[in-house]
Structures are given as C-alpha cells and as structure tokens.
Amino acid sequence: MSQTIISLLNKTKIDYSWSFSDKTRKDTAYITHGYHRYPAKFIPQIVSRLAEKYTSKGDLIVDPFGGCGTTLVESKVMGRLSIGVDINPVAVLITKAKITPIDPKKVERVFTALKGKLDTYNKDTKVKAPEHERIDYWFKPEEKRKLAFIFTEILKLRDRDIRDFFYCGFSNILKNCSIWLQKSNKPTRDLIKKPSDPIQTFFKQVKMMMRGNARFYELSKQRNHLEVPSQVYCTDARTIPVKDNAVSLVVTSPPYVTSYEYADLHQLTALWMEYTKDLSDFRKRFIGTSYHNKKDLVLNSVLAEKIRNELLGKDKKTAEEVSTYFSEMNQVFAEMKRMLKKGGKTCIVIGNTSLKGVEILNAEVFAEQLQNLGLKILNIIKREIPSKNLPSVRDEKTGRFARITDKNKTYAYPTEYILVMEK
C-alpha cells in the first residue's frame with residue numbers, strides 16, 4: 001500500500017487554483033482574520049472552498065488543531081456549525097474573540113469608557129504589576145507598568161465576550177511592547193530595542209479590531225448567521241467533545257514535527273494571562289513538540305517505520321521525536337474517524353520536509369495511517385504556498401528553520417497537499 005500512496009502523490013500535479021496567489025493580505029485578513037499574528041496559519045479561502053464543496057448549511061465542521069480559529073470563522077460565515085479544539089489556551093483566547101461578532105455600538109461604547117480611563121495614566125498612577133521573573137525578562141519597567149494598568153482595566157469589564165475581545169488585542173501588542181526581537185518568531189531578546197508605547201499601541205490595535213468586528217457583525221447579520229453555534233475548547237486533539245458519527249467535515253492543518261514550539265511563541269500572553277507559571281510544563285502539552293515521552297508508540301504506517309529507521313541511522317533523538325509525532329497523529333486520526341458521519345470527509349493540509357537529510361513524507365504517512373484506520377482517499381490536491389508567513393528554508397543538520405543566506409539551508413514547504421479522505 002505504501003508504494004501505491006507514494007506513487008499517487010508523486011504523480012499529483014500542482015493545482016494552481018488552490019494557491020490563491022491573487023489574494024492580497026487584505027483578502028486573507030478580512031473580517032476578524034487579522035486580529036492577531038499567528039505563525040504558519042492557513043488562509044481562509046482554503047477552508048471556504050472545502051466547506052462549499054463538501055458541506056451544506058447546518059452541517060457540523062470540526063478543526064482538531066484549531067489554531068487561531070480560521071476554520072471556525074469561515075464556518076460561521078457560511079452558516080455551518082463548528083467546533084474547534086486546541087491545547088494552547090492562547091489560541092483558544094484568540095479564537096473566542098474571532099468567532100464572536102459583537103454589536104459594534106456596544107464595543108464602541110465600552111472602548112470609549114476604557115480609553116477614558118487609560119488616558120488618565122501617569123507616573124503616579126497606582127498599578128499592581130505582576131511579579132514574575134519571565135515577565136521582567138521580556139519587559140522594561142515602564143512598559144510593564146502600563147501593560148499592567150491596561151490589563152487590570154480590562155479585567156474589570158463584566159461582559160465576557162467584550163473582555164475576550166480586549167484581551168485578544170492586549171495579547172497581540174505584547175511583542176511590540178517587549179524587548180522580543182521584532183523580526184523573529186523565536187524567543188530572542190533585542191537589548192537595544194525601543195518597545196512601543198503600550199497604551200497608544202493598544203488603542204491602535206483595538207481600532208483595527210473594531211473595524212474587523214463591524215464587518216463580521218454586519219456580514220453575519222445580513223446572512224442571518226449571528227446565532228450559528230461556534231465553539232472552541234482548550235483540550236487535546238485526541239479527546240474532542242463531539243458525539244460519534246456527528247461530523248460532516250474535518251478541516252485542519254496539523255502542527256509540523258520540530259517546527260514551531262507554540263509554547264515558546266506564545267509565552268508572553270501565557271505569562272500575563274497566567275495560563276502557566278512554568279514554561280517547561282507548558283511545552284509538554286503540545287503535539288509536535290520535542291518534549292514527549294517515547295514509549296508505547298503505534299505508528300500504523302510502513303512508511304513511518306521506514307522513516308524512523310532511516311533517521312535512527314543519523315540521529316536517535318530526531319528519530320524518537322518523529323516517531324512520537326507520527327504515533328500521536330495516528331491517535332488524532334482515530335478520533336477523527338470516530339466523529340465523522342458515514343460519508344463524512346476529512347481534509348488535512350500538510351506538507352513534506354526533510355530532517356537530517358531524510359525525507360519526512362508527512363502527507364504519504366498520514367494517507368497511509370488514515371487508510372489503515374478505514375478511510376478511503378477521495379482526492380489529493382497539491383498546492384503551491386505563496387504565503388509570506390512560512391519560512392522557506394531549513395538548516396539541513398538541525399532541521400530548524402533557517403535564513404535564506406545560511407550555508408546548510410534546504411528548501412522546505414514550497415508545496416503542500418490537501419488530503420481529502422472519506423469515511
């Protein structure tokens with residue numbers, strides 16, 4: 001079976017209509033999609049096209065790796081019920097804000113009052129700032145004081161939807177207001193950086209979000225979709241709170257092994273929101289991290305076994321990480337199968353890469369695992385990735401993302417697949 005799958009994917013030609021290369025940043029960040037930066041997110045046009053093809057109004061769509069909520073926002077726009085899960089509480093916060101259209105007049109009223117309070121800030125304002133060495137590591141004293149003042153005023157808001165809306169805005173300004181190297185997704189300090197002023201940056205951020213919310217609200221109202229249910233849960237992709245045989249479509253873009261450590265990326269928000277006090281513990285929750293135990297692995301794929309054996313000859317640690325990743329993904333696929341209706345589809349957006357000189361055929365392995373679980377291949381779509389968000393090169397030795405000028409670079413993710421499988 002594995003050779004058949006390899007051959008099938010090899011002969012699949014790029015379908016340029018799935019590149020959406022004509023879409024601008026304005027198109028991909030429309031309504032609430034631009035609320036918060038998020039690395040390697042897929043564009044909303046992929047979700048809407050798949051949902052249009054495989055579902056009808058009132059169907060249930062699930063995203064097991066919800067990320068920043070792209071699948072759920074598009075589902076709501078199209079009148080489909082949706083559920084997303086993510087183990088990352090920061091992703092859940094962002095998603096809650098993005099899937100909740102709020103009456104623009106209400107947001108305007110609360111923002112005017114909040115702005116009035118924040119404008120009173122001066123050096124004598126009494127502020128209870130958080131005491132945490134990691135916050136002090138990332139923020140200078142004056143920015144920390146102002147951020148604590150903003151945070152406390154948001155905390156006083158009674159309406160939960162409104163509070164999440166402003167918390168999402170607060171979260172997105174943290175990097176600019178810290179000494180985190182602005183151009184880097186990785187946690188690197190820039191000791192000569194001049195952080196942005198928190199209060200003025202917050203005002204600018206919220207105004208941008210208010211424009212997105214107003215468009216989302218009007219669009220949802222016109223289509224009578226304001227009450228279409230959309231829920232996000234902070235939980236593991238292997239334990240999704242959905243009944244058996246209830247889902248028409250799964251659309252998701254899983255994490256890549258050893259790609260982004262989301263726990264590191266989102267540590268500023270996690271620290272301020274007190275989602276964690278211990279970063280190492282926070283990291284262990286994520287699939288695709290290098291912090292998991294390597295026992296009792298079931299790969300359910302001849303190809304995955306072959307990749308593991310090739311890696312063992314190069315580097316044992318990487319072989320263990322990749323095996324753990326494939327084993328955990330197999331568990332997620334079993335959960336997808338449980339939820340799907342007969343005839344329901346799962347669309348997995350995934351690219352291949354290489355580590356230590358070994359080809360990591362994620363798409364082929366996933367297709368084989370899903371077939372072994374009883375799903376059948378309905379369609380394989382190969383698309384170009386014109387996104388500027390994704391790094392295009394890796395370091396050949398470490399497998400980490402690299403600069404275009406690095407000597408050891410190897411190209412990663414120039415294309416990716418959408419595996420369309422049917423139960």
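Asp236 is buried, at a relative accessible area of 17%. I begin with this residue in our predicted model, and with its partner. Asp236 forms a salt bridge with Arg238, and the closest N and O atoms of the two are 2.8 Å apart. Arg238, for its part, is partly exposed, with a relative accessible area of 24%.

How many salt bridges does the structure hold? The count is 18. Let me take two further examples.

The next is the pair of Lys345 and Glu422, whose side chains meet at 3.2 Å, N to O. This salt bridge links distant parts of the chain: Lys345 belongs to strand 5 (residues 340-350) and Glu422 to strand 11 (residues 415-422), with their positions 77 residues apart in sequence. Are these two residues buried or exposed? Both Lys345 and Glu422 are buried.

The other example is a salt bridge between Glu153 and Lys117, at 4.0 Å, N to O. Here, too, distant parts of the chain are linked, since Glu153 sits in helix 8 (residues 141-155) and Lys117 in helix 6 (residues 104-118), 36 residues apart. Glu153 has 7% relative accessibility and therefore counts as buried, whereas Lys117, at 45%, is partly exposed.

I turn now to the cysteines. Which disulfides does a search of the whole structure find? It finds zero. Why is Cys68 not bonded to Cys168? The closest cysteine sulfur to that of Cys68 is the one in Cys168, and because the two are 9.5 Å apart, they are too far for a bond; a disulfide would require the sulfur atoms to be within 2.5 Å. Seen from Cys168, the closest cysteine sulfur is likewise that of Cys68. Cys68 is buried, with a relative accessible area of 3%, and Cys168 counts as buried at 0% relative accessibility.

My last topic is helix 10, together with the surface charge. Lys26, Lys207, Arg211 and Arg215 gather on the surface in a patch of positive charge. Which element contributes the largest share of this patch? Helix 10 (residues 198-222) does, with three residues. Lys207 lies in this helix, and its relative accessibility of 41% makes it partly exposed.

Met209 is also found in helix 10, but Met209 is buried, with a relative accessible area of 0%. Computed along the sequence, Met209 and Phe166 are 43 residues apart, while in space their C-alpha atoms are separated by 9.1 Å.

Definitions and conventions. Residues are numbered from 1 along each chain as its sequence is written. This is a predicted model: local features need pLDDT of at least 70, side-chain atom pairs count only at pLDDT 80 or more; totals for chains, interfaces and linings use all residues. Side-chain values use heavy atoms; hydrogens and water are left out. Patches are made of residues with over 30% relative accessible area and no salt bridge: like charges are joined within 9 Å, nonpolar side chains (Val, Leu, Ile, Met, Phe, Trp, Tyr) within 5 Å. Accessible areas come from the Shrake-Rupley method with a 1.4 Å probe; for residues, only the protein chains shown count as cover. Lys and Arg count as positive and Asp and Glu as negative; His and the chain ends are not counted. The place of a charge is taken as NZ of Lys, CZ of Arg, CG of Asp or CD of Glu. Helices (H or I, at least four residues) and strands (E, at least two) are DSSP runs, numbered from the N terminus. Buried means under 20% relative accessible area, exposed over 50%, partly exposed in between (1.4 Å probe, protein chains only).
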